[in-house]
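Reader: I am new to reading protein models. Could you walk me through a few features, one at a time?

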Amino acid sequence: MARFRERAAAIDESHPRLSITLVIPPSAFLLDERVFVSLGVLRIAAVLERQGHVVSVLDLSGVSNFEDALRVHLASAHIDALGVTVTTPQLPAVARIAALVRAAPV
C-alpha cells in the first residue's frame, strides 16, 4: 500500500493544475429547475478540487438569459477546460452553449 501511495503522490506532483468550469444547462422540461440538484456534476467538481484543480460550477438552471450569463463568465474567467452535464431535454440549450463556447475568443 505504501508503494501505491508513493506512486500516486509522484503522479499528483507532476500533474498540471487546471482551471475547470462545469456548466449545468437550463432545462425547458422541468417546471421548477431548482428542485432537483445536479449531484453528479457536483461530485465531479469535488473530485477535481481534491486533485488540486480550480473548479467553478456555472449553474444556469432557471436562468432565462443563460446565454448572457455564459458570455460574461467566458469573458471574465480563465478556463483551461470546460465540461457540460446534459440530459435529453437540455440538448437545445446545450447546442446553444456549445456554439457560444466555440465562438468565444481564446
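Author: Gladly. This is a predicted model. Start with one side chain: Asp 68 is partly exposed, with a relative accessible area of 40%.

Reader: Which residue forms a salt bridge with Asp 68?

Author: The general idea comes before the case. Side chains of opposite charge can pair when their charged atoms come close. Here, Arg 71 pairs with Asp 68, and the closest N and O atoms are 3.0 Å apart. Both residues sit in helix α3, 3 residues apart, so about one helical turn separates them.

Reader: What other salt bridge does Arg 71 make within helix α3?

Author: Arg 71 also meets the side chain of Glu 67, at 3.8 Å from N to O. Those two lie 4 residues apart in helix α3, which spans residues 66-76. Arg 71 is partly exposed at 41% relative accessible area. Glu 67 is partly exposed too, at 23%.

Reader: Which residue outside helix α3 does Glu 67 pair with?

Author: Glu 67 forms a salt bridge with Arg 96, with the closest N and O atoms 2.5 Å apart. Arg 96 belongs to helix α4 (residues 91-103), so this pair ties together parts that are 29 residues apart in sequence. Arg 96 is partly exposed, at 42% relative accessibility.

Reader: How many salt bridges are there in the whole structure?

Author: A search finds 3. Shared partners join Glu 67, Asp 68, Arg 71 and Arg 96 into one network.

Reader: Now the surface. Which residues make a nonpolar patch?

Author: Val 37, Leu 39, Leu 42 and Val 57 make one of about 350 Å². Residues with over 30% relative accessible area can join a patch. Leu 42 has 36%, so it is partly exposed. Val 57 has 34% and is partly exposed as well.

Reader: Where do Leu 42 and Val 57 sit?

Author: Leu 42 is in helix α2, residues 39-50. Val 57 is in strand β2, residues 54-59. The two are 15 residues apart in sequence and 7.8 Å apart in space, C-alpha to C-alpha. Leaving aside neighbours within four places in sequence, Leu 42 is in contact with Val 37 and Val 57.

Reader: Last, the whole chain. What pattern does it follow?

Author: Along the sequence, read α-β-α-β-α-β-α. That is 4 helices and 3 strands. Of the 106 residues, 25% are buried. Take contacts between residues at least 6 apart in sequence: 75% of them join residues at least 24 apart. The accessible surface comes to about 7,400 Å², and 61% of that belongs to carbon and sulfur atoms.

Terms used: Residues are numbered from 1 along each chain as its sequence is written. This is a predicted model: local features need pLDDT of at least 70, side-chain atom pairs count only at pLDDT 80 or more; totals for chains, interfaces and linings use all residues. Side-chain values use heavy atoms; hydrogens and water are left out. Patches are made of residues with over 30% relative accessible area and no salt bridge: like charges are joined within 9 Å, nonpolar side chains (Val, Leu, Ile, Met, Phe, Trp, Tyr) within 5 Å. Accessible areas come from the Shrake-Rupley method with a 1.4 Å probe; for residues, only the protein chains shown count as cover. A salt bridge is a side-chain nitrogen of Lys or Arg within 4 Å of a carboxyl oxygen of Asp or Glu. Buried means under 20% relative accessible area, exposed over 50%, partly exposed in between (1.4 Å probe, protein chains only). Contact means heavy atoms within 4.5 Å.
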